[in-house]
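I set out to look up a few local features and to record what I found. The entries follow in the order in which I made them.

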Amino acid sequence: KTKNEKEFWMAVIEIEKEKLLYFILTYPQKTVLVKTGEKDAEKRFLGYEFSNRRGNEGIHPIQRGKTVDECTRLFDDKNLENPEKASTYIYRAFLGDYSSPIHESLKENISRVRLVDMLTFERASFEKTISLAIKKKVKIESKWEQVKLGEIISLEYGKSLQESKRIKGIYPVMGSNGISGYHNEYIVEGPAIIVGRKGTAGKVTFISNNCYPIDTTFYIQVKDKTNLKYLYYTLSQLDLESKAGGTGVPGINRNEIYDIKIPLPPKEIQEKIVAEIEELEKQAEKAKEEIREAKEKIEQIFTDVYSKANTVYRLSNDDIFSVSIGKRVIEADLNENGEIPVYSANVFEAFGFINKYLIKDFTVPSVLWGIDGDWMVNYMPENKPFYPTDHCGILRIKNNKAQPKYLAWALHKEGKKQGFSRTLRASIDRIQSLSIKFPPFSEQQKIVAEIEKIEAKITALEQELSEIPEQKEQILKKYL
C-alpha cells in the first residue's frame, strides 16, 4: 500500500510502536479463563440443560429434585470462596490472587494465562483481538544461555515402510507413538531420539538400539556440544505436543521445533544431569522389576493353594454366597460433587459419583465383577461405600467358609476359563453356575495375610515410581 521505502518504514514503525505499547500494557497481567466443556460435560458444568420437548420447554436442572443453583459449577451464592465453583477464581483474580491451587474437579474448566499470550504480535497488521486458543509456552527457565534447537540439531524425516514389512526382524520400527513393529534393516544407529511428526505429534522417545523410524516421525541428529541424553531429558520437559496442529491427523512443523530455545550449559553440567537422572531411572527399573516379581509371587501363592484345594462350593449356594446386581444409573443421576463412586462393567475405575446408596451395609467386603465388558473382578474391602450399576455384579460371603480376597482371585481364574468377555456376558446365572475350589478357611486366611504384606510392598514401590518424574524435574531445575 505504500508508495516508497521511506513510507513503508514509517508504516512499519507505527504498527510496531502500537504493538510495543500493548505488549508493555498486557505483559504483567493475567487472565482467568473458564471453559464449560462440550455436550454432557457442558451440561454438568452449567448445572442445567435446555428442553424442546412439548409441554416441558425451557431450562431444567441437570439433577432431578434440585435447583440450577444447587447443580451449577459456576457459582455459590452463599460462599464466595467455594473452591469447587468457577466464580471463586474470578473473585480471587480481582483480589490479585492468580496462584492459589485450582480444585481437582475444575482443572479441565479453569486456567490462568498471561494476557500477553492472548494477543498476536507476529502478523504484519495488529488487530488487538483476544484469542482464547492459547498454546502453552514451550520454554525452560535457566541461568544458562538459551539456544534455538535449530542451532544444535537437525530433524530428519523417517522413511516409509509398509505395515506388512513390520512383522519380523531384530530392529525396532519406530512410529510416532513408540515401537510399532520390527524389521530386518535399520536406518538410524542407536542411541537415538525419535519425535512424532504425525499422529502422536510431538511425543519424544529415546531408544538405545539401532532402529527404523517411519515417515510419521523425525529422528534427531545432534552437534558435538550437545549430550544426546541431556537433549532427551530436556525435550521431555517441554510440551512439544502443544505445537501439533492442522486439520485431520495432527502434525508438527519442523521449523517451529527449530525455533524452540533450550538451555545449553557446559558439557560437564549436561553430563552431571544425565548421570543423576540415569541413577533415578535405574531405581525406577529396579522398582518395576520388584513389582513384577511381587505380582508373580502373589499369583504363584494363589495357584499353589488352589491346586491343592479339595472342597468345592457352587456360587449358587445361598447359605454361603449372596449374588446380586446393581441398578441402572443414567447421566442425570451423577453428581460431580458426589462422594459415592459408581462402578459399572469396569470394576476398577469409577465412571462417576453419586450421593445415594443402593447397598446399605458395607461392614463386609464385596467381590465385584463386570457383567458385559472385558472380564474383570475386583476386591472391595469393608467400610468402602460404592454404588453398582446394572452392569456390575456383587458377590458377598455370608459365613466363614470362604475368604473374599481368595474368592476374588478364584472367580477371576474361573471366569477366564469360561471365556467371559463382551460377547459372552458374565450374567448372574452364569456366575452362579460356577463351582470353585476352596482350601480350609484357616489356610485361606494365612495366604491372604501373606499376600497383603506383598501388596503393601507393591503399593510402596508404586508410590516411589510416581515420585520419580518430579525428582527428574528437580534435578534439571538444580543445574539449570
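**Entry 1: strand β16.** I began with strand β16, residues 340-343, and found that both of its faces are covered. On one side I noted I340 and V342, on the other P341 and Y343, and all of these are buried. I recall that side chains in a regular strand alternate between the two faces of the sheet. I record here that the model is a predicted one.

**Entry 2: partners of β16.** Which strand pairs with β16 in the antiparallel sense? I found this to be strand β17, residues 352-354, which is joined to β16 over three bridges. Within this pairing, P341 stands opposite F353 of β17. I then turned to strand β20, residues 387-388, which runs parallel to β16 and is joined to it by two bridges. In β20, Y387 is the bridge partner of V342.

**Entry 3: S366.** I next looked up S366 and located it in strand β18, which covers residues 366-370. Is S366 buried or exposed? Its relative accessibility is 1%, and because the cut-off for buried is under 20%, I entered S366 as buried. I also looked for a polar partner of its side chain and found R396, with a polar contact of 2.8 Å between the two side chains. Setting aside neighbours within four places in sequence, I listed the residues in contact with S366 as N378, Y379, M380, F386, I394, L395 and R396. R396 thus appears in my notes both as a contact and as the side-chain polar partner.

**Entry 4: cavities.** How many cavities of 30 Å³ or more does the structure hold? I recorded two.

The largest has a volume of about 80 Å³. I listed its lining as R44, I62, Q63, C71, R73, E331, A332, L334, N335, E336 and N337. Sorted by class, this lining has four nonpolar, three polar and four charged residues.

For the second largest cavity I noted about 50 Å³ of space. Its lining consists of L119, T120, R123, S125, F126, E127, K128 and T129. By class I entered two nonpolar, three polar and three charged residues for this lining.

**Entry 5: recapitulation.** I close with two points for later reference. S366 is a buried residue with a side-chain polar contact to R396. Strand β16 pairs with β17 in the antiparallel sense and runs parallel to β20.

Terms used:
Residues are numbered from 1 along each chain as its sequence is written. This is a predicted model: local features need pLDDT of at least 70, side-chain atom pairs count only at pLDDT 80 or more; totals for chains, interfaces and linings use all residues. Side-chain values use heavy atoms; hydrogens and water are left out. Helices (H or I, at least four residues) and strands (E, at least two) are DSSP runs, numbered from the N terminus. Buried means under 20% relative accessible area, exposed over 50%, partly exposed in between (1.4 Å probe, protein chains only). A polar contact is a pair of N or O atoms within 3.5 Å; within protein, one must be able to donate a hydrogen and the other to accept it, and residues adjacent in sequence count only if both atoms are side-chain atoms. Contact means heavy atoms within 4.5 Å. On a 1 Å grid over the protein atoms alone, a cavity is a set of points where a 1.4 Å probe fits but cannot get out, and a pocket is an open set with protein on both sides within 12 Å along at least five of seven lines; lining residues have an atom within 4 Å of a point. Grid points are joined across faces, edges and corners, and a volume is the space filled by probe spheres set on the points. Ala, Val, Leu, Ile, Met, Phe, Trp, Tyr, Cys and Pro count as nonpolar, Asp, Glu, Lys and Arg as charged, and the others, Gly among them, as polar. Two strands pair if DSSP finds at least two bridges between them.
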